[in-house]
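Here are my notes on the chain you sent over. I have put them as numbered points so that you can go through them with the viewer open.

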Amino acid sequence: MAKLNGRCLCGEVTWTYEGEITRSLVCHCTDCQRATSAPYAAFIGLRPEGLVWAGPMTRFESSPQTWRDFCSVCGTRLIFRSDKWPGEVHVYAATLDPSHTYRPTAQVMLRSRADWLDDLPTIPHHLDFEISPIG
Ligand SMILES: [Zn+2]
Ligand SMILES: [Zn+2]
């Protein structure tokens, strides 16, 4: 039994959850990449009856019977739901508060994984944003 909460970037949308975590996955599919403007989406599967949302959200039907909701103010992607998985909703893990508590247990849709993710351990690292991050 997990007790979780999260929010969007601007804080207008918040969520709380109490219940089972059905999955913790990193998805590399092209729909998740485009929907989140990120190389992959990390999410948690939650039971809809345990989720409480507050704040202005806009729903986009990304494919038939599949919806992706985002904050109507700041645009933060918050949730994926589909009639294919009626007993759960997928909440983007980066909206968790605090987000560093998240640990995925698997990654899926690896055929479309961004190749450049392999380069990350070997390119220059900076703790802060550098004006000229060349190395
Ligand atoms: Zn927001
Ligand atoms: Zn995906």
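1. Let me begin with the contacts. Counting pairs of residues at least 6 apart in sequence, 57% of the contacts in the chain join residues at least 24 apart. Please keep in mind throughout that this is a predicted model.

2. A good example of such a contact is the one made by F43, which sits in strand β4 (residues 41-46). F43 and H90 are 47 residues apart in sequence, yet their C-alpha atoms are 5.9 Å apart in space. Leaving aside residues up to four places away in sequence, F43 touches L25, C27, F80, H90, V91, Y92 and A93. Is F43 buried or exposed? F43 counts as buried because 25 other C-beta atoms lie within 10 Å, where the cut-off for a buried residue is 20 or more.

3. Now for the chain as a whole. Buried residues account for 23% of its 135 residues. The C-alpha trace spans about 50 × 30 × 30 Å along its principal axes. The secondary structure consists of 1 helix and 10 strands, and the order from the N terminus is β-β-β-α-β-β-β-β-β-β-β.

4. One sheet is worth a look in your viewer. It is an open sheet of 3 strands in the order β1-β2-β5, with antiparallel pairing. The edge strands, β1 (2-7) and β5 (51-54), each pair on one side only. From one strand to the next, the twist averages 10 degrees. As a reminder, strands of a sheet pair through backbone hydrogen bonds, either parallel or antiparallel.

5. Taking the pairings of that sheet in turn, β1 and β2 run antiparallel and are joined by 6 bridges. Within this pair, R7 stands opposite T14 in β2. The hairpin of β1 and β2 has 6 residues between the strands, and there G11 takes a positive phi near 90 degrees. On the other side, strand β2 (residues 14-19) pairs with β5 over 4 bridges, again in the antiparallel sense. Here Y17 stands opposite L51 in β5.

6. Two backbone angles may interest you, since both belong to residues other than glycine. Q65 has a positive phi of about 65 degrees and is located in the loop between β6 (57-63) and β7 (66-71). Q65 is exposed, because its count of other C-beta atoms within 10 Å is 10, and the limit for an exposed residue is 12 or fewer.

7. The other residue is M109, with a positive phi of about 60 degrees. M109 lies in the segment after β10. How many C-beta neighbours does M109 have inside 10 Å? The count is 17, so M109 is classed as partly exposed.

8. Finally, please check the peptide bond that joins D97 and P98. This bond is cis, with omega about 0 degrees. P98 has its place in the loop between β9 (89-92) and β10 (106-108).

Conventions:
Residues numbered from 1 in each chain as written. Chains lettered and ligands numbered in written order. Predicted model: local features only at pLDDT ≥ 70, side-chain atom pairs only at ≥ 80, totals over all residues. Helix = DSSP H or I, 4+ residues; strand = E, 2+ residues; numbered from the N terminus. Contact = placed C-beta atoms within 7 Å. Pairing = 2+ DSSP bridges. Axes fitted to C-alpha atoms, helices over the stretch in contact; angles between N-to-C directions.
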